[in-house]
Amino acid sequence: MAQTHGGATPQPLDQQRGQTLDSSLDLDQPFDAPTEWDGNDWDGKRRSPASNKLLQDYMNPPTPWARMLKGFIVVLVVAGIAHELFAGYYDRKMTAAIREVSGQTEIEVHCRRVWDEVLDFRVKPGFVWFGSGVANLQLNVCRDAAAWSGDPENEDKRIAIQVLTHELAHLAGHYDESQTECVAMWTLPKTADALGGTREDGLAVASWYAANYNPLLPPEYNAPGCLDGSPPSSPLLP
Ligand SMILES: [Zn+2]
């Protein structure tokens, strides 16, 4: 335990200081460290405000907003990518169907994303901008139309393939809503075929729709007796 200072002859500590050291003091253990945290500093004094704050943060951590925000953004991005993949699949499926029915290759279907709804809220199941080659459909309409052939009597799915065909009739140049409904009903067997169903099932959908659903729509959409006569003139029909 004796130390050398400069060139001085080393002396026992007690002689250097002229006093007798407490022989029980272990100099390797400079203070009597408490084995349990007693809430005070090592010297038994109350802690400073700064160390109080540290202990409080440790015992009761502050809400990690920055980390939560990062986690939230990661979840949003992953959900957005999944939503885009899901909707993109229906875009392609619906677009292939209307191209097959019409023989046109420049037209397409856009199934509306969640962000489309946020930026431009429309309750209509489908719409076409005047002069545009894109039919916009609610995503659930795309989903129902895609699933129709597996469940041909389901009313939501029947309405969905009529909505798809109605928007296609707009793309084919029909703007009067009543005429557009009538053209769509006549075209339904072709849509049914393009979506993997049968023309007979498509005819059944058209008859059901004309009798049960079209009359419930606002008057400008009504097409009474449409299926009784001969087909309307349309590029979609022979
Ligand atoms: Zn319309």
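Trainee: Which elements do the buried residues of helix 3 pack against?

Mentor: Bear in mind that this is a predicted model, where local features need pLDDT of at least 70, side-chain atom pairs count only at pLDDT 80 or more, and totals for chains, interfaces and linings use all residues. Residues are numbered from 1 along each chain as its sequence is written. Helices (H or I, at least four residues) and strands (E, at least two) are DSSP runs numbered from the N terminus. In contact terms (C-beta atoms, placed from the backbone, within 7 Å), the buried part of helix 3 packs against strand 1, strand 3, helix 5 (139-147), helix 6 (155-171) and helix 7 (177-194).

Trainee: Which residues of helix 3 are buried?

Mentor: Count the other C-beta atoms within 10 Å of a residue's own: 20 or more is buried, 12 or fewer is exposed, in between is partly exposed. In helix 3 the buried ones are Y90, M94, A97, I98 and V101.

Trainee: How far apart are the end C-alpha atoms of helix 3?

Mentor: Helix 3 has 38 residues, and at 1.5 Å a residue (times one less than the residue count) the expected span is 56 Å. The model agrees with that, as the end C-alpha atoms of helix 3 lie apart by 54 Å.

Trainee: What residue follows helix 3?

Mentor: Look at the backbone torsion just past the helix: phi is positive there, near 75°. The residue is G103.

Trainee: Which residues does L164 touch?

Mentor: L164 is among the residues that touch the most other members of the 40-residue largest nonpolar core, meaning buried Ala, Val, Leu, Ile, Met, Phe, Trp, Tyr and Cys joined through C-beta atoms within 7 Å. M94 and L137 are also among those best-connected residues. Leaving out residues up to four places away in sequence, L164 touches M94, L137, V141, A145 and T191.

Trainee: In strand 3, what is the bridge partner of H110?

Mentor: The open sheet has three strands in the order 1-3-2, with mixed pairing (at least two DSSP bridges per pair). Strand 1 (108-111) and strand 2 (126-128) are its edges. Strand 1 runs parallel to strand 3 (residues 134-137), joined by four bridges. For H110, the partner in strand 3 is N136.

Trainee: Is S178 buried or partly exposed?

Mentor: S178 sits in helix 7 and touches E220, Y221, N222 and A223, not counting residues up to four places away in sequence. P224 is 46 residues from S178 in sequence but 8.9 Å away, C-alpha to C-alpha. Because S178 has 17 other C-beta atoms within 10 Å, it is partly exposed.

How values were computed: Contact = placed C-beta atoms within 7 Å.
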